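This briefing goes through one protein chain, taking its salt bridges before its fold, core and surface. The sequence and structure come first.

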Amino acid sequence: MSERDLSAAVAAPSFGEAMEELEEILQRIEGEEVDVDRLAAELRRASQLLDLARDKIRRAEVEVTQIVQGMEAAATPPSAAGSAPSAISAPPAREPEEPEDDESELDQDDIPF
């Protein structure tokens, strides 16, 4: 790790501090308090802070996912741990039966009207 990386890691603000500093930079830029000569430096710092905040969010997401997966694994009964969930399936649907052509059907002549 270079000296620059080490100093950046030591001086890295917390998520809340980064967001607070971003708000301050945004207010200075919107309030036109930033000198043109200083504008590039302010934007560079804002970009660094955004990267830092995004990285902290990604790391937190990974950690939370791992914790939840660990909790779910601990809650799974040992007998079900190695088996896939079984699905209860309904018997296949049967198509309606068509009446057979036999003498039980009425002919037109059998109708009384």
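Glu21 and Arg45 form a salt bridge, with 2.9 Å between the closest N and O atoms. Glu21 belongs to helix α2 and Arg45 to helix α3, so this pair ties together parts of the chain that are 24 residues apart in sequence. The model is a predicted one, and a search of the whole structure finds 4 salt bridges.

**Salt bridges between α2 and α3**

- In the pair already described, Glu21 is partly exposed, at a relative accessible area of 22%.
- Its partner Arg45 is also partly exposed, and here the relative accessible area is 29%.
- Arg28 and Glu42 meet through their side chains in another salt bridge, at 2.9 Å from N to O.
- This pair likewise links distant parts of the chain, with Arg28 in helix α2 and Glu42 in helix α3, 14 residues apart.
- Arg28 is partly exposed, with a relative accessible area of 27%.
- Glu42 has a relative accessible area of 7%; the cut-off for buried is under 20%, so Glu42 counts as buried.

**Salt bridge within α3**

- Arg59 forms a salt bridge with Asp55, and the closest N and O atoms lie 2.8 Å apart.
- Both residues of the Arg59 and Asp55 pair sit in helix α3, separated by 4 residues, or about one turn of the helix.
- Arg59 is exposed, its relative accessible area being 57%.
- Asp55 counts as partly exposed, at 28% relative accessibility.

**Fold and overall surface**

- The chain contains 4 helices and 0 strands.
- Read from the N terminus, the order of elements is α-α-α-α.
- Of the 113 residues in the chain, 8% are buried.
- The chain has an accessible surface of about 10400 Å², and carbon and sulfur atoms account for 54% of that surface.

**Nonpolar core**

- The largest nonpolar core consists of 5 residues, namely Ala18, Leu22, Ile25, Ala46 and Leu49.
- Helices α2 (15–30) and α3 (36–75) each contribute at least two residues to this core.
- Helix α2 provides the largest share of the core, with 3 residues.
- Ala46 is in contact with Leu22 and Ile25, when its neighbours within four places in sequence are left aside.

**Nonpolar surface patch**

- Phe15, Met19 and Ile57 make a nonpolar surface patch of about 240 Å².
- Ile57, one of the residues of this patch, lies in helix α3.
- The relative accessible area of Ile57 is 41%, which makes this residue partly exposed.

**Points to check in the viewer**

- Which residues does Ala46 contact beyond its neighbours within four places in sequence? They are Leu22 and Ile25.
- Is Glu42 buried or exposed? Glu42 is buried, although its side chain meets that of Arg28 in a salt bridge.
- Which helix supplies the largest share of the largest nonpolar core? That helix is α2.

Terms used: Residues numbered from 1 in each chain as written. Predicted model: local features only at pLDDT ≥ 70, side-chain atom pairs only at ≥ 80, totals over all residues. Heavy atoms only, no water. Core = buried A, V, L, I, M, F, W, Y, C linked by side-chain atoms within 4.5 Å. Buried < 20%, exposed > 50% of the residue type's maximum accessible area, 1.4 Å probe, protein only. Contact = heavy atoms within 4.5 Å. Areas by Shrake-Rupley, 256 points an atom, 1.4 Å probe, with all protein chains shown as cover. Patch = residues over 30% accessible without salt bridge, like charges linked within 9 Å, V, L, I, M, F, W, Y side chains within 5 Å.
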